[in-house]
Amino acid sequence: MPTPVSHLEPTRPSGAMRALAPLSPDPRKAWSWLQRSWLGRYGVALLFFCFALLLQLELWPLMSTSPFLFFYGAVMVAGWWGGWGPSLLVTTLSLVAVDHYFLPPRLTLQMRSADVLALGIFALLAIFITKLNVSLSRALEERASLLEREHQARAASEAARTRLHTIFMQAPAQIFFLRGASHDFDFSNARNSSMLKSRDTLGKPFQSGVVKVGEEDARDVLDRVYTTGEPFVSGAVPLRFLQADGMEKETFHNLVYQPTRDAQGQVDGIAGFGFDVTDLVHARQRAEALATELRQAEFRTRVLAEVSTVLASSLDYEGTMRNLARLVVPALADWCFVDLAQPDGTFRRLEVAHARPEDAPIAAEVLHFNLMPEGNPRHPPTAALLRGEAILLEEMTPAHIKRSAHNENHARVMLATGLRSFIAVPLVVRGHTMGVFSFFTSFSNRRYTQADLAFGLELAYRAALSMENARLYREAQEAIRLRDEFLSIASHELKTPLTPLSLKLQALSRELERHPDNIPYALVKGYVDTGARQVKKLAELVGDLLDVSRIAAGRLALELEDVDLGALIHEVASRYEAHAARSGSSLQVEGGEAGLVGRWDRLRLEQVVTNLIDNAVKYGAGKPIVLSLEQGPSRARLKVRDQGIGIAPEHLPRLFGRFERAVSERHYGGLGLGLYITRTLVEAMGGRVRVESEQGRGSIFTVDLPRERVVPVDVSASQPQ
Ligand code: ADP
């Protein structure tokens, strides 16, 4: 079966066809060969001569008066086809043939004089015909060659045009040609049309409102080029297109709008060329952004180094924070606020630093607006405090400022600062918030970024650390001061019972010398009782000190047993009655008769009650003291009420701390340990102790105790209330 040949594939000659190929001459080549070669030219001339001779011989009987007729034709063809040579040959042969075959005497070459004339005329006419034919043939040849050349030139120009068109169409740039003042598109290549989002732009005018060159409408730029005749050339200019979704798309181009001119030099259109350099511009922008970032990083490192120097320069943290705020402005911000926590839990605006001296009056007003954790959580520094995390507000609008202000006046002042971009960072160390550090830009128009926030955090962290160090230093100083004060008080307190003891011993020794044999019993008893009281006092002081060191070391053990609190109170009260009476106070016990029993450490509970009664007597100003017991199903409550000197409110929060005292050392002795030990013991037994007091009116100490202990004993870590 023959293989079907696709019409798309070029057909190839088979083997047999290839063998025959040289035998089947190309007719055009053969024609050309006949025209150009010597053999062809003379052959054709001879052929026509023979043909003319044949016709003349055949038709001679019909036209015996015209012996030359067909030979003219042969000469004409020979001249036409072969030129002068073949024509002269045919002319000569025709003369011979005519003379031989057609002029009398026929079949001879003799000529009569009339025949010579006829032959001569034939020869002249033949030469003339040949001349005409040769000229005509040459003219036709030249015309054909001219036509051929014109055809070739046209084809070449068409090819060049097509090539140029293809190049323009495929060029990696936007190319367009506009005609006339209305800027009608003559040409728009693929890139340009796709950029204009239109495929059939040709013949239509360049629309306004489609493309912006920088901030100007492209159509206005074209109008200017057309009217002034000045080309528009710009590098990396932003082009903005309105997209279907209403958004603008921005790309960057190197642009040339070149006016084109007619033969008279008048502007008749514009040739536009645009090269998309968006990638390059973006790369450059990225490189610039990186360079800026690098510069900023260097700058921040420098500022941080300066900050570290400022922070390390002093232990006065308020002064340090003020210096820090002044360093941040203007290096990092136009304004900076420092808000610090106060011991009573409120916040105070410590510093308002500002870059422009003329802002001083506004700064003075801003200083009065503190944080309001309970009143205004929308206030950005307050929000940073409440959330415990940094806040970055890249762009604050006036509406935002008004919404976040405490009140109208605050809003007015904050608007006057020109606030634009804002960062607030809480000052936190080990979970303890010490304040808020805020800074913002205004007239410099800078917008903060995440990098600035990170820097703010680092700054605040260092500041908080420095404040914490200052606080720890202050506390250490205070602890040293307390220790020194304690040592002086302790030595004084320990010495106080020793002096009367030593005096009584000296007096006893003198009495012994005075009565060597029989010293009066009452005398000795008096001295011994006084000495024993002083020794007891000494033992109590030493016992307190030992307890404190036991508590600090976590070695205070409780021995729980069933204790009747009512009985215990009555017993201690009766023991202290005489002591109270010496101070002019009476001791009265209310309640507790019905057997209030709980699981407690008897001796430690006794120590608690003793401490409270001791204090009531000591600070009770000789007024009555009342001990009252209340009983609940699971709890017992003891109140020790005196009507003595009372305690100032500012001392109340620290009264149960170690070495804490609320009276002057000159008027009252004491180590400031009694209440500390009391609180520690009560808490170890699962209870609580508190005080209510009014200066000059007396105090009430209340001890609440659970009757069944549930909390495990751990007294080492207990802190002052
Ligand atoms: P001190 O041994 O110095 O009295 P405490 O720890 O027992 O130490 O008491 C601490 C401080 O509490 C005292 O210095 C005193 O100022 C105050 N205080 C304690 N009890 C009373 C009270 N009943 N009335 C007034 N002040 C008291």
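Of the 21 residues around the ligand, those that come nearest are Asn615, Tyr619, Asp642, Ala662 and Leu675. This arrangement belongs to a predicted model, and the ligand's surroundings are a useful place to begin reading it. By character, the residues of the shell around the ligand divide into ten nonpolar, seven polar and four charged. Three elements each supply at least two residues of this shell, namely helix H18, which spans 602-618, helix H19, which spans 674-684, and strand E19, which spans 698-706.

Several polar atoms of the protein face oxygen atoms of the ligand. In the side chain of Asn615, which is also listed among the residues that come nearest, an N or O atom is 2.8 Å from an oxygen atom of the ligand. The side chain of Lys618 likewise has an N or O atom 3.4 Å from a ligand oxygen, while at Gly672 a polar backbone atom is 3.1 Å from an oxygen atom of the ligand. The ligand taken alone exposes 530 Å², of which the protein buries 96%.

From the ligand we can step back to the chain as a whole. Its domain assignment gives four domains, with domain 1 covering 15-165, domain 2 covering 171-276, domain 3 covering 290-475 and domain 4 covering 556-706. Between the C-alpha centres of domain 1 and domain 2 there is a distance of 65 Å.

How far the model can be trusted from place to place is a separate matter. Across the chain the mean pLDDT is 88, and 94% of the residues reach 70 or more. Confidence is highest in E19, at 96, and lowest in helix H1, residues 15-20, where the mean is 42. Over residues 1-22 pLDDT stays under 50, and the model has two contacts beyond four places in sequence for them. Residues 716-721 also stay under 50, although for these the model has 16 contacts beyond four places in sequence.

A few details of the backbone deserve a closer look. Most residues other than glycine have a negative phi, and most peptide bonds are trans. The peptide bond from Pro104 to Pro105, however, is cis, with omega near -10 degrees, and Pro105 lies in the loop between helix H5 (84-102) and helix H6 (113-170). Another cis peptide bond joins Val329 and Pro330, with omega about 5 degrees, and here Pro330 has its place in helix H10, residues 317-331. His183, a residue other than glycine, has a positive phi near 55 degrees, and is found in the loop between strand E1 (174-179) and strand E2 (184-188).

Terms used:
Residues numbered from 1 in each chain as written. Predicted model: local features only at pLDDT ≥ 70, side-chain atom pairs only at ≥ 80, totals over all residues. Heavy atoms only, no water. Domains from an automatic or database assignment. Near = heavy atom within 4 Å. Polar contact = N/O pair within 3.5 Å; in protein donor to acceptor, adjacent residues only side chain to side chain. Areas by Shrake-Rupley, 256 points an atom, 1.4 Å probe, with all protein chains shown as cover. Helix = DSSP H or I, 4+ residues; strand = E, 2+ residues; numbered from the N terminus. Nonpolar A, V, L, I, M, F, W, Y, C, P; charged D, E, K, R; others polar. pLDDT = per-residue confidence, 0-100. Contact = heavy atoms within 4.5 Å.
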